[in-house]
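Q: Please give me a close look at one part of this model, its pockets. I would like the lining first, then the surroundings.

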Amino acid sequence: MHNFTPGSALLGGVLIGVAASLLLVGNGRIAGISGIVSGLLLGDRGQFAGRALFVLGLLAAGFAATRLAPGSIASSPRSLPTLIIAGLFVGAGTRLGNGCTSGHGVCGLSRFSARALVATITFMLTAMLTVRVFTLLGGVP
Amino acid sequence: MNSRLAQRLTALLSGGLFGVGLLVSGMTQPQKVIDFLDVFGQFDASLMFVMGGAIGVHVFAYRWQKHRTQPLFDRQFYLPARTVIDSKLVLGASLFGVGWGLGGYCPGPAVVSLPAGNVTLFAFVFAMLAGMFITAKLETLLSQRKQQLLVAPHEPSES
């Protein structure tokens with residue numbers, strides 16, 4: 001196995017769980033990031049301020065990391081055209097399927113939602129398949 | 001404390017903590033994400049622990065929620081009511097997975113990494129927002145079209 005870091009992964013996961021729990025217990029809302037971002041972008045009904053502040057919190061964490069732990073943010077090994085196509089797929093897919101890794105994978109599975117389970121298995125499989133095909137085609141364009 | 005202020009502080013704190021969690025976990029390193037997804041290659045199982053840790057904590061919040069009619073700072077819970085598993089869900093999740101595998105970014109880590117000022121990431125996020133926007137507009141257009149077909153008055157035929 002490659003660069004295995006179970007300790008920091010588990011700690012980070014616990015922090016994510018606490019963050020999502022805070023939003024549920026305090027505001028009664030799901031910490032689904034694609035939903036929050038697309039809601040902000042498209043002005044979906046519901047709280048503008050709450051979504052904007054959540055995103056501001058994410059950005060503040062990233063900003064702090066660039067000062068305190070710059071190694072924690074790395075750039076993608078993929079080329080610009082690949083990343084643009086990837087972005088379009090992620091945007092379209094999360095909007096159509098109502099969620100991403102956080103909304104379906106963390107929040108949905110935590111509430112034993114069958115929809116979230118189907119979505120999570122599906123995106124895990126297509127993501128693994130994509131990486132495999134990419135590697136078979138000769139690595140990193 | 002005024003509940004609107006409490007709501008806003010909660011949203012900010014939750015976003016900040018979520019971001020720290022993503023940074024600590026390694027999700028903001030796309031190569032690590034790609035290695036996790038490369039099950040038959042140089043598999044790095046770390047990210048399984050991210051999901052395990054997050055769900056292990058978050059299930060307790062839902063256990064609490066089941067016995068309550070409202071959260072601390074609002075009058076109701078806003079939980080997804082939909083339960084139907086349809087082709088839209090499966091198609092959407094499939095497309096998302098392809099994009100995740102292609103770039104190594106899902107939406108949260110992409111947003112958190114923006115302050116690092118990486119130009120290719122800006123392009124990814126811009127394309128992601130464009131994908132959301134176009135999909136939402138197409139969906140509204142299609143549902144309007146469908147409704148028009150359903151309510152369109154039938155012309156009496158001459159035959």
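A: A pocket here is an open set of points on a 1 Å grid over the protein atoms alone, where a 1.4 Å probe fits, with protein on both sides within 12 Å along at least five of seven lines; its lining residues have an atom within 4 Å of a point. The model is predicted, so to speak of local features takes a pLDDT (the predictor's confidence in each residue, 0 to 100) of at least 70, and side-chain atom pairs count only at 80 or more, while totals for chains, interfaces and linings use all residues. Residues are numbered from 1 along each chain as written, chains are lettered from A and ligands numbered from 1 in written order, and side-chain values use heavy atoms, without hydrogens or water.

Start with the second largest pocket. Its volume, the space filled by probe spheres set on points joined across faces, edges and corners, is about 190 Å³. Chain A lends S110(A), R111(A) and F112(A) to the lining. Chain B lends V59(B), Y62(B), R63(B), Q65(B), K66(B), H67(B) and L79(B). Helix α3 of chain B, residues 46-66, gives the largest share, 5 residues. Helices are DSSP runs of H or I, at least four residues, numbered from the N terminus. By class, the lining holds 4 nonpolar, 3 polar and 3 charged residues. Nonpolar means Ala, Val, Leu, Ile, Met, Phe, Trp, Tyr, Cys and Pro; charged means Asp, Glu, Lys and Arg; the others, Gly among them, are polar.

Now the chain A side of this lining. S110(A) is one of the buried residues of α5(A). Buried means under 20% relative accessible area, exposed over 50%, partly exposed in between (1.4 Å probe, protein chains only). In α5(A), 10 of the 10 residues are buried, so the helix is largely enclosed by the rest of the structure. These buried residues pack against α1 (6-27), α2 and α6 of chain A. They also pack against α1 (3-25), α3 and α4 of chain B. Just after α5(A), F112(A) takes a positive phi of about 55°.

The largest pocket comes next. Its volume is about 1,600 Å³. It is lined by 48 residues, and the closest to its centre are G35(A), D44(A), R45(A), N98(A) and R82(B). Chain A elements that give two or more residues are α2 (33-42), α3 (48-68), α4 (80-96), α5 (101-110) and α6 (114-136). In chain B, α4 (87-103) and α6 do so. The largest share, 11 residues, comes from α6(B). This lining has 17 nonpolar, 20 polar and 11 charged residues.

One residue of α4(B) deserves a look. V98(B) lies in that helix. At 23% relative accessibility, V98(B) counts as partly exposed. Beyond its neighbours within four places in sequence, V98(B) is in contact (heavy atoms within 4.5 Å) with F89(A), T126(A), A127(A) and T130(A).

Finally, the setting. Chain A has 6 helices and 0 strands. Its C-alpha trace spans about 45 × 35 × 30 Å along its principal axes. Of its 141 residues, 54% count as buried. As for confidence, the model scores ipTM 0.96 and pTM 0.94. Chain B averages a pLDDT of 93, with 94% of the residues at 70 or above. Within chain B, helix α6 (119-151) has the lowest mean confidence, 93, and helix α5 (107-113) the highest, 98.
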